[in-house]
Amino acid sequence: MSQDAWLQNYDATCRLAQDIAENIHERSRLQRTGGNPAKINMTLRASLQKLKQNISQLKESLLRASSSRRIMQSEADRRQNLVDDLVTREKHLNATFRGEVKEEPSRTTLMSGAGGAGGGGGGGAVNPWLVNESEETRGLSFGEIKQQQHSIMEAQDAGLDALAAVISRQKMMGREIGNELEEQNEIIDDLSHLVDKTDDRIRNETRRVKLVETKSASCGMLVVIVLLLIAIVVVAVWPI
């Protein structure tokens, strides 16, 4: 059910409730004048059942529209108030039909009251239960309300598009930062590998230096020993 269709169905349900109130008034007139209200009672029972079904359909379609975010939350709240008023109206009509409460006022009384509240008596039929209508939509036709809702949804779509663009840029920046971090990690890994190789080379060179030092010390001792032996031999063979 489209937004415009919901408002049209709501208006039709309001008219049905008003017709029921008129029929209850007519039934009372027949009872006062000694007429037979059997036929009108059958009509009232069927109309009250239809009113209940229409209100249920309005509730379901409003719930779907609100949960799918096809309408703004403020509009959903406004329509919920309208449905609540209809539910109260339907209960009152049922109670009036059963004779539990005083009879509903006639159409003339309701329409004159609605005309006074609306600030003018001219124009087409006015729903007397649009008491919770917001200032933004008061006095607007279905087409104008639909256009207003369309404009609001376009503004919302533009805002969502801008938000999507920002998120997309943030996503691209995140990817670039991730790529940069990967490159930095590769550089760090290369440096770590180079440091490990350099450390191994230093340890190898240190071992070689120690080996050379050990060999140099051994060679020095051999030279000293050889020189001592030569000196001993020279002294031994040198004539006294």
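**Exercise 1. Decide whether I230 is buried, partly exposed or exposed, and find the patch it belongs to.**

Solution.
- Step 1: Start with the accessibility. I230 has 46% relative accessibility, so it counts as partly exposed. The cut-offs behind this are under 20% for buried and over 50% for exposed.
- Step 2: Place the residue. I230 sits in helix α5. Keep in mind that you're looking at a predicted model.
- Step 3: Look for its partners. I230 joins V223, V226, L227, V234 and W238 in a nonpolar patch on the surface. Together, these residues have about 600 Å² of accessible area.

**Exercise 2. Describe the overall make-up of the protein: how many helices and strands are there, and what share of the residues is buried?**

Solution.
- Step 1: Count the elements. You'll find five helices and zero strands.
- Step 2: Read them off from the N terminus, and you get α-α-α-α-α.
- Step 3: Turn to burial. Of the 240 residues in the protein, 24% are buried.

**Exercise 3. Find out which residue pairs with R15 in a salt bridge, and how the two are placed in their helix.**

Solution.
- Step 1: Recall the basic idea: side chains of opposite charge can pair when their charged atoms come close.
- Step 2: Find the partner. R15 meets D11 in a salt bridge, at 2.1 Å from N to O. The structure holds five salt bridges.
- Step 3: Check the spacing. R15 and D11 are four residues apart in helix α1 (residues 3–33), so about one helical turn separates them.
- Step 4: Compare the surroundings. R15 has a relative accessible area of 42%, so it is partly exposed, while D11, at 15%, is buried.

**Exercise 4. Work out how D200 and R203 are linked, and which residues salt bridges join into one network.**

Solution.
- Step 1: Look at the pair. D200 and R203 form a salt bridge, and their closest N and O atoms are 2.2 Å apart.
- Step 2: Check the helix. Both residues lie in helix α5, three residues apart, which is about one turn.
- Step 3: Add the accessibility. D200 is partly exposed at 35%, and R203 is partly exposed at 40%.
- Step 4: Now the network. Salt bridges with shared partners join E75, R78 and R79 into one network.
- Step 5: Take the links one by one. R79 and E75 have their closest N and O atoms 2.7 Å apart in a salt bridge. The side chain of R78 makes a polar contact of 2.8 Å with that of E75.
- Step 6: See how covered they are. E75 is buried at 4% relative accessibility, R78 is buried at 6%, and R79 is buried at 2%.

**Exercise 5. Say whether S47 and R69 are buried or exposed, and describe where each one lies.**

Solution.
- Step 1: Take S47. It lies in helix α2 (residues 38–67), and at 14% relative accessibility it counts as buried.
- Step 2: Look at its contact. A polar atom of the S47 side chain lies 2.9 Å from the backbone oxygen of T43.
- Step 3: Move to R69. This residue is in the loop between α2 and α3, and its relative accessible area of 71% makes it exposed.
- Step 4: Check the backbone. Phi of R69 is near 60°, a positive value in a residue other than glycine.

**Exercise 6. Find which residues gather around D190 in a patch of negative charge.**

Solution.
- Step 1: Place D190. It lies in helix α5 (residues 142–237), and at 54% relative accessibility it counts as exposed.
- Step 2: Name the patch. E180, E182, E183, E186 and D189 gather with D190 on the surface.

Technical notes: Residues numbered from 1 in each chain as written. Predicted model: local features only at pLDDT ≥ 70, side-chain atom pairs only at ≥ 80, totals over all residues. Heavy atoms only, no water. Patch = residues over 30% accessible without salt bridge, like charges linked within 9 Å, V, L, I, M, F, W, Y side chains within 5 Å. Areas by Shrake-Rupley, 256 points an atom, 1.4 Å probe, with all protein chains shown as cover. Salt bridge = Lys/Arg side-chain N within 4 Å of Asp/Glu carboxyl O. Lys, Arg positive; Asp, Glu negative; His and termini not counted. Charge placed at Lys NZ, Arg CZ, Asp CG, Glu CD. Buried < 20%, exposed > 50% of the residue type's maximum accessible area, 1.4 Å probe, protein only. Polar contact = N/O pair within 3.5 Å; in protein donor to acceptor, adjacent residues only side chain to side chain.
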